[in-house]
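Visitor: I am new to this structure and would like to learn how to read it. Could you walk me through it, step by step?

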Amino acid sequence: MSVGYGAVGWNRQKKRYDFFLVLGIALYLGAFMGAGAWLFPDVTAETLMIRAFGSAALILLHLILLVGPAARLDARFLPLLYNRRHMGVTMFLLALIHGSFSVLQFHAFGDMDPLLSLLTANTQWDSVSGFPFQQLGFVALIIFFLMAATSHDFWLVNLTAPVWKALHLGVYVAYGLVLAHVALGVLQAEQSPRLWLPLAFGFVLVASLHVIAGWRERACDREQPEEMGWVKVCSPQDIPNQRGVVVTVSGERVAVFRDDQRIMAVSNVCQHQNGPLGEGRIIDGMITCPWHGYQYLPENGCSPPPFTEKIPTFQVQIREGSIWVKSLPLPAGTAVEPAVWGGES
Amino acid sequence: MDWLRGLVYAFYAYVLIGWVLGGFLAFRGVNRLDPSAQSGTWGFRLLIWPACAALWPLLMLRYVRGHQQPPIECTAHRQAAGREV
Ligand code: HEM
Ligand code: FES
């Protein structure tokens, strides 16, 4: 199956989110620079710009990091999660402006190459109060660049999800670098230590929400116990007709579907972009991925011809009123006899 | 700091090469690497250009080796099934 790539997958809802995102940032930047110019008339416009864009990026970074665990704890945050990539790219652009202005102000007017100057102007690596915090920001910015640049679906497909996810987990490394960059930078600029408070508060909020969400998630991903190579799932009437349930078997989620009397199981991972097949439906006799609609025959895990996608399948049995799935997956595209359930559908 | 100067210039060279090859990849090369890119819009190509520029060695390697499909992800189930047969 093939869906051509477009630029940005905007729909009305996403446009609304992006509108409020841009509006919020514009208001923040305006308020920051306005208040700054009023309260500290001797601070230059460049410095105000650097601080406004840097702090805007930092706030947005916190929102981005909070949305993930928040959505896992409460589904009402899900729309924000779907918009997170736009938040990420916007955050990178804000940080890029902040970094570019800093390089322009501190490193561009000497006779040294600006990047070399950024890396070598301060090398007091053994000092806390004089630590070269700008280098930390630079490394963070490179990580943010790689993440923003690979945020298009094309990269998810072409790097494969595990590589893409690993790359995007770099956000935590970058977050640590940014925290150090800001803490040490603020220390050096001899600004009010009151800035430490929101920084520490943000960190504690991000960390604790991650721990809580991770703890909850682990309970749901626990492997089902095996009995002689088979795993008990649930009873057939627990699965709504033409829907699936998801269990974790052999290190990955399995989607068990019911189509009237027939029960079938396939690996939960869509070959297209790893969409959660178990959250899809059976349409025209085929498992239909909830993300972009790729289809697979539930009895053999193959996309209907002329398409060639294949996913692993599982043997299924009904014993004493319960569905059992064999724990060992069959190679992608292997036909399996569906289990037949005698009950009412 | 001479080694650092060398590193910085090597970085510039990498970026410059990447900018050119990345442009080629984004507007031509990816059509062969991923069939879904063939009907990709201009906006799509502009958006993937920066990462094509950053990751050009990876994509060029696939291009030279004649890959015509994105890699299929290796999930735990695919691995377990592969061991059995
Ligand atoms: C090339 C990369 C970077 C450079 C050269 C750089 C440079 C600087 C400099 C010189 C300051 C001190 C400004 C001042 O106190 O007047 C600063 C502060 C700051 N930077 Fe960066 N930075 C970079 C990347 C980043 C990134 C990626 C972020 C985060 C998202 C960030 C967030 C901040 C924040 C929040 C402050 C404190 C702002 C304030 O003083 O109110 N920076 N940076
Ligand atoms: S992930 Fe795109 S269709 Fe399944």
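## Reading the strands and chains

Guide: Let us begin at a turn. In the hairpin formed by β10(A) and β11(A), two residues lie between the strands, and E320(A) takes a positive phi near 50°. Please keep in mind that this is a predicted model.

Visitor: In which sense do β10(A) and β11(A) pair, and over how many bridges?

Guide: The sense is antiparallel, and there are four bridges between β10(A) and β11(A). To see the register, look for residues that face each other: V316(A) stands opposite V325(A) in β11(A).

Visitor: Which strands make up the open sheet of four, and in what order?

Guide: The order is β1-β2-β11-β10 in chain A, with antiparallel pairing. To find the edges of an open sheet, look for strands that pair on one side only. Here these edge strands are β1 (226-227) and β10 (316-319) of chain A.

Visitor: How many bridges join β1(A) to β2 of chain A?

Guide: Two bridges link β1(A) with β2 (residues 230-232), and these strands run antiparallel. One residue to follow is E226(A), whose bridge partner in β2(A) is V231(A).

Visitor: And over how many bridges do β2(A) and β11(A) pair?

Guide: Three bridges, again in the antiparallel sense. Across this pairing, K232(A) stands opposite W324(A) in β11(A).

Visitor: How should I think about the side chains of a strand?

Guide: The general idea is that in a regular strand the side chains alternate between the two faces of the sheet. It is also useful to ask how well a strand is covered.

Visitor: How many of the five residues of β11 of chain A are buried?

Guide: Four of the five are buried, so to speak of strand β11 (residues 322-326) as mostly covered is fair.

Visitor: Which strands form the open sheet of three in chain A?

Guide: That sheet has the order β6-β7-β8, and its pairing is antiparallel. Its edge strands, each pairing on one side only, are β6 (281-283) and β8 (295-296) of chain A. Three bridges join β6(A) to β7 (residues 286-288), which run antiparallel. In that pairing, R281(A) stands opposite T288(A) in β7(A).

Visitor: Let us leave the strands for a loop. Where is Q124(A) found?

Guide: Q124(A) sits in the loop between α5 (114-120) and α6 (133-149) of chain A.

Visitor: Why does Q124(A) count as partly exposed?

Guide: The idea is to compare relative accessibility with two cut-offs: buried means under 20%, exposed means over 50%, and partly exposed is in between. Q124(A) has 42% relative accessibility, so it counts as partly exposed.

Visitor: Which residues does Q124(A) touch, not counting those up to four places away in sequence?

Guide: With those sequence neighbours left out, Q124(A) touches G130(A), F131(A) and P132(A).

Visitor: Now for whole chains. How many helices and strands does chain A have?

Guide: Chain A has ten helices and twelve strands. To judge its overall form, set its radius of gyration beside the globule rule. The radius is 26 Å, well over the 20 Å that the rule gives for 345 residues, so chain A is more spread out than a compact globule. Its C-alpha atoms fill a box of roughly 80 × 40 × 35 Å along the principal axes.

Visitor: What share of the residues of chain A count as buried?

Guide: The share is 46% of the 345 residues. For the surface, chain A exposes about 18,100 Å², and carbon and sulfur atoms supply 64% of that area. As for charge, there are 23 positive and 25 negative side chains in chain A, and the centres of the two sets lie 5 Å apart.

Visitor: What pattern does chain B follow along the sequence?

Guide: Chain B reads α-α-α-α, with four helices and zero strands. Its radius of gyration is 17 Å, well over the 12 Å that the globule rule gives for 85 residues, so chain B is more spread out than a compact globule. Its C-alpha trace spans about 55 × 35 × 20 Å along the principal axes.

Visitor: How many positive and negative side chains does chain B have?

Guide: Chain B has 8 positive and 4 negative side chains, and the centres of these sets lie 9 Å apart. Buried residues make up 39% of the 85 residues in chain B. The chain exposes about 5,100 Å², of which carbon and sulfur atoms supply 67%.

Definitions and conventions
Residues are numbered from 1 along each chain as its sequence is written. Chains are lettered from A and ligands numbered from 1 in the order in which they are written. This is a predicted model: local features need pLDDT of at least 70, side-chain atom pairs count only at pLDDT 80 or more; totals for chains, interfaces and linings use all residues. Side-chain values use heavy atoms; hydrogens and water are left out. The radius of gyration is taken over C-alpha atoms; the globule rule is 2.2 Å times the number of residues to the power 0.38. Buried means under 20% relative accessible area, exposed over 50%, partly exposed in between (1.4 Å probe, protein chains only). Accessible areas come from the Shrake-Rupley method with a 1.4 Å probe; for residues, only the protein chains shown count as cover. Lys and Arg count as positive and Asp and Glu as negative; His and the chain ends are not counted. The place of a charge is taken as NZ of Lys, CZ of Arg, CG of Asp or CD of Glu. Two strands pair if DSSP finds at least two bridges between them. Contact means heavy atoms within 4.5 Å.
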